[in-house]
Amino acid sequence: MLNKKGYTLVELLSVLVIISIIALIIIPVSLRSLDISNDKVEETFKERIKNLVDTYILFNIKNVELKEEDTTDDKYLKTVTLKDVLLYNNISNVVNPKNSMGCNIETLIDIYKDKNNNYCFKIESLECLTKDKIINTCRWGGYLWKKYI
């Protein structure tokens, strides 16, 4: 009788083929999940920026002087920097967790009223974002502002 002390080449190759097939299935799924997770992190970061600007608008709108701007049919109220918003919220800097890039605090934010008399703001170019570098939203208006103004 033969004394078997190891594995044959066919056995080793079959184990390698099985491991390779499992890796071919798991790696793309994991990378796709990581991309989706990173996109959600950036969306949450954008939402944080929106909330910071909303807080600034909510508590500083009484100090804003109305200026008419004929080019867009919107009433532009004020242009502030991200630095103004961060200082008001007692924050020194904001960093996008997706790419670990800090936002330029000199980025301009236009605060305006739209045709429906809602308060809105627009950030044209937020360089720390990876995809859509524009934030344009009208989240406040109507009865909510009348309560504070």
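With which side chain does the side chain of Asp-110 make a polar contact? In this model, which is predicted, the partner is the side chain of Thr-79, at 2.7 Å. Asp-110 belongs to strand E5, which covers residues 108-113, and although Asp-110 is buried, it has no salt bridge. The nearest side chain of opposite charge is that of Lys-122, 5.4 Å away, and because a salt bridge requires a side-chain nitrogen of Lys or Arg within 4 Å of a carboxyl oxygen of Asp or Glu, that distance does not qualify.

The setting for this residue is a protein with three helices and seven strands, whose elements, followed from the N terminus, run α-β-β-α-β-β-β-β-β-α. Of the 149 residues in the protein, 31% are buried, and the accessible surface comes to about 10,400 Å², with 57% of it belonging to carbon and sulfur atoms. Among the contacts with a separation of 6 or more, 61% are between residues 24 or more positions apart.

Helix H1, residues 9-60, is a useful place to continue, since Val-17 lies in it. Together with Ile-18, Ile-21, Ile-22, Ile-25 and Ile-26, Val-17 makes a nonpolar surface patch of about 560 Å². Val-17 has a relative accessibility of 48% and therefore counts as partly exposed.

Further along the helix come acidic residues that pair with Lys-98. The whole structure holds five salt bridges, and one of them joins the side chains of Asp-39 and Lys-98, with N and O 2.8 Å apart. Because Asp-39 sits in helix H1 while Lys-98 sits in the loop between E3 and strand E4 (101-102), this pair ties together parts that are 59 residues apart in sequence. Asp-39 is partly exposed, with a relative accessible area of 26%, and Lys-98 likewise counts as partly exposed, at 26% relative accessibility.

Lys-98 also meets the side chain of Glu-42 in a salt bridge, here at 4.0 Å from N to O. This pair again links distant parts of the chain, with Glu-42 in helix H1 and Lys-98 in the loop between E3 and E4, 56 residues apart. Glu-42 has a relative accessible area of 4% and so is buried. Asp-39, Glu-42 and Lys-98 are linked with Lys-131 in a network of salt bridges.

A salt bridge also forms between Asp-132 and Lys-46, whose closest N and O atoms are 3.9 Å apart. Asp-132 lies in the loop between strand E6 (119-123) and strand E7 (135-140), whereas Lys-46 lies in helix H1, 86 residues apart from it in sequence. Here Asp-132 is partly exposed, with a relative accessible area of 44%, while Lys-46, at 11% relative accessibility, counts as buried.

What, finally, does the side chain of Asn-96 reach? Asn-96 lies in strand E3, residues 95-96, and its relative accessibility of 0% is why it counts as buried. Its side chain reaches the backbone oxygen of Cys-128 at 2.8 Å, and a polar atom of that side chain lies 3.0 Å from the backbone nitrogen of Lys-98, the residue that also forms salt bridges with Asp-39 and Glu-42. Leaving aside neighbours within four places in sequence, Asn-96 is in contact with Glu-42 and Phe-45, with Met-101, and with Cys-128, Leu-129 and Thr-130.

Terms used: Residues are numbered from 1 along each chain as its sequence is written. This is a predicted model: local features need pLDDT of at least 70, side-chain atom pairs count only at pLDDT 80 or more; totals for chains, interfaces and linings use all residues. Side-chain values use heavy atoms; hydrogens and water are left out. Helices (H or I, at least four residues) and strands (E, at least two) are DSSP runs, numbered from the N terminus. Buried means under 20% relative accessible area, exposed over 50%, partly exposed in between (1.4 Å probe, protein chains only). Lys and Arg count as positive and Asp and Glu as negative; His and the chain ends are not counted. A polar contact is a pair of N or O atoms within 3.5 Å; within protein, one must be able to donate a hydrogen and the other to accept it, and residues adjacent in sequence count only if both atoms are side-chain atoms. Patches are made of residues with over 30% relative accessible area and no salt bridge: like charges are joined within 9 Å, nonpolar side chains (Val, Leu, Ile, Met, Phe, Trp, Tyr) within 5 Å. Accessible areas come from the Shrake-Rupley method with a 1.4 Å probe; for residues, only the protein chains shown count as cover. Contact means heavy atoms within 4.5 Å.
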